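Visitor: I have a model open and I'd like to learn how to read it. Could you walk me through helix packing and cavities?

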Amino acid sequence: MTPPPPPPPGPDPGADPDPCPGSLVVLFGATAGALGRDLGSDETDLILLVWQVVEPRSRQVGTLHKSLVRAEVAALSTQCREASGLSADSLARAEPLDKVLQQFSQLVNGDVALLGGGPYVLCTDGQQLLRQVLHPEASRKNLVLPDTFFSFYDLRREFHMQHPSTCPARDLTVATMAQDLGLETDATEDDFGVWEVKTMVAVILHLLKESSSQLFSKPEVIKQKYETGPCSKADVVDSETVVRARGLPWQSSDQDVARFFRGLNVARGGVALCLNAQGRRNGEALIRFVDSEQRDLALQRHKHHMGVRYIEVYKATGEEFVKIAGGTSLEVARFLSREDQVILRLRGLPFSAGPMDVLGFLGPECPVTGGAEGLLFVRHPDGRPTGDAFALFACEELAQAALRRHKGMLGKRYIEIFRSTAAEVQQVLNRYASGPLLPTLTAPLLPIPFPMAPGTGRDCVRLRGLPYTATIEDILSFLGEAAADIRPHGVHMVLNQQGRPSGDAFIQMTSAERALTAAQRCHKKVMKERYVEVVPCSTEEMSRVLMGGTLGRSGMSPPPCKLPCLSPPTYATFQATPTLIPTETAALYPSSALLPAARVPAAPTPVAYYPGPATQLYLNYTAYYPSPPVSPTTVGYLTTPTAALASAPTSVLSQPGALVRMQGVPYTAGMKDLLSVFQAYQLPADDYTSLMPVGDPPRTVLQAPKEWVCL
């Protein structure tokens, strides 16, 4: 009996794998603007696609196809018009991008099947066509690209891998690659895009003859979705991978920023939205990419548009990114450890609200991931709630349901709900957990930028009911001809304790007659769809309001005397140089803002201090024309009481301004509590003898609280 023939030999396990298991689609494209290395940098639409299928195993090629694409803006740049020979009329008759992509898929599938190939992968000359042109344009036009457009081979990299002795991959062109290989090209071909595709096919067929196992084995991948994630302060971030984006809409989320950079691979958790001193987004973000090449492509999107706004893109450092996005809190790390979660921020919660209150407010239709464990409340260092919280949701649909509760009522307060990011969670928590209640850095004592003379003459006007978006320029335009009668630095925009516009402003005029005329002309005129009340007032009334008092129809109320409030805005308008306000300048303040003269000793001369911007008082912050918002300049510090001077050492009294009076001190306050208040003013930490209680005669509860004097 004849034995059966041996089975055909199988593949050798030690043999190199097939260098290219699928078909290649050589793709070339052009826009109506820049070409070559700057392709896609000017945000112009795609106008041309040329492609041809290559079967690596059989070394066969398919039919060459060329398709024009209709652009929304048909204007062609001079470079494009000269290189392509196209005109606006020919593009007007072309199909839109979505139709061209459908035709592309149909023709490619037909050619691949005709050549007997398998799944195909795109092959382009460089990264720009897919990353900088096709994906951003599809995002702007809300087109969904097929999965085949999310992976491709960069012919420049494949060539450089086989011929590393030539110039860097980013400097290669189709012509230089053909020249290095000694290939003959058709110099008579003048059809734009056809010569490039034919030459690329010739280069690929030549490289396939070398049969390297690394050739066409690892395609470039374009991420389809941005992945969120936490960042630690201990992380080391390469500065060559970070950019700063400015001019973002304030409601932009990390997904919106990632969509602006669609086509580029943003690192996991690589979008950090920046916050201002009040904890609100300031329109900037730091973005971290997976490598330096992606960062360089991102810089080419400088002044590209997000909606109707153009976005500025600049280089940034890894230290800046870690400072914004990094955190050290274990509670935050546990909160952010859940992957693929949508983060929302809830602002304006009642201080008494707990997890069950928030869950009840959101309702069963939008459950929080993990229930109470999916909520993170923001608190001050002493444990007091700030009114902010973050919530995790399992998917976009649940987050959208929660966003519909925006400005819903919880108790007697409406709650604001916004999209948030892991970096924003870190920033908000770091902002409240990184320092004590009072600032520990040296707070500068600032000089008064200009004098404000007291007086009862009604040479000022008060503007009430201004739009919150009103600027100095809007006020000057509103006053019209009366703006010529404003004193230098005479515009005072009143901000509230959170540093936001209060809708009030005071204008110092050159005389009472000019103030009355301005009030008569401008009273109840409209500014940005709101009518504004313009009434005359005196400098004393203006000073009281700017110090924190109120001025209503029922009269004027004095400013409060309370210490301290948290986190007023910090401004850097003045230099941080310790400066004292001389007595002559302090005399310009209204006498009602200081202690009675009878309580001030004749010698030594007391000196009034002006608190720096880090000093946290209940005051109305003001902005002055033409400077940006700065700290108030109408605050007079209390002068030294007689009782303290009488018992103070002579060496102490010889130092100008050595005494500071404290009012409203809690009855339970000790020496260390008082010393902690003056950490920002460099009071000797071990000098307990410099604190003296003022005489404490019998009093009722209606009298002022206990007072201390610090030497």
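Guide: Let's take the helices first and then the empty spaces. This is a predicted model, where local features need pLDDT of at least 70, side-chain atom pairs count only at pLDDT 80 or more, and totals for chains, interfaces and linings use all residues. Residues are numbered from 1 along each chain as its sequence is written, and side-chain values use heavy atoms, with hydrogens and water left out.

Visitor: How do people describe two packed helices?

Guide: By the angle between their axes and the distance between the axes. Here, H5 (residues 155-162) and H6 (residues 174-181) pack at about 25°, with axes 11 Å apart. Helices are DSSP runs (H or I, at least four residues), numbered from the N terminus. An axis is a line fitted to C-alpha atoms over the stretch in contact, and angles run from 0 to 180 degrees between N-to-C directions.

Visitor: What word describes how H5 and H6 lie to each other?

Guide: Roughly parallel. That label covers angles under 35 degrees; over 145 is roughly antiparallel, 65 to 115 roughly perpendicular, and the rest oblique.

Visitor: Which residues make that contact?

Guide: Leu155, Arg156 and Phe159 of H5, with Met177, Asp180 and Leu181 of H6. Contact means heavy atoms within 4.5 Å. By class, that's four nonpolar, no polar and two charged residues. Ala, Val, Leu, Ile, Met, Phe, Trp, Tyr, Cys and Pro count as nonpolar, Asp, Glu, Lys and Arg as charged, and the others, Gly among them, as polar.

Visitor: And how do H6 and H7 pack?

Guide: The axes of H6 and H7 (residues 194-209) come within 10 Å and cross at roughly 40°. That makes H6 oblique to H7. Among the residues that meet are Met177 and Leu181 in H6 and Trp195 and Met200 in H7. The contact of H6 with H7 has eight nonpolar, two polar and one charged residues.

Visitor: What about H5 and H7?

Guide: H5 and H7 pack at about 35°, with axes 11 Å apart. Leu155, Phe159 and Gln162 in H5 meet Met200, Val203, Ile204 and Leu207 in H7.

Visitor: Now, how do I find empty space?

Guide: Rolling a probe the size of a water molecule over the atoms shows where empty space is left. A cavity is a set of points, on a 1 Å grid over the protein atoms alone, where a 1.4 Å probe fits but cannot get out.

Visitor: How many cavities of 30 Å³ or more are there?

Guide: Seven. The largest holds about 90 Å³ of space, a volume being the space filled by probe spheres set on the points, which are joined across faces, edges and corners. Its lining has 13 residues, with Thr228, Gly229, Leu336, Arg338 and Ile343 nearest the centre; lining residues have an atom within 4 Å of a point.

Terms used. Helices (H or I, at least four residues) and strands (E, at least two) are DSSP runs, numbered from the N terminus. On a 1 Å grid over the protein atoms alone, a cavity is a set of points where a 1.4 Å probe fits but cannot get out, and a pocket is an open set with protein on both sides within 12 Å along at least five of seven lines; lining residues have an atom within 4 Å of a point.
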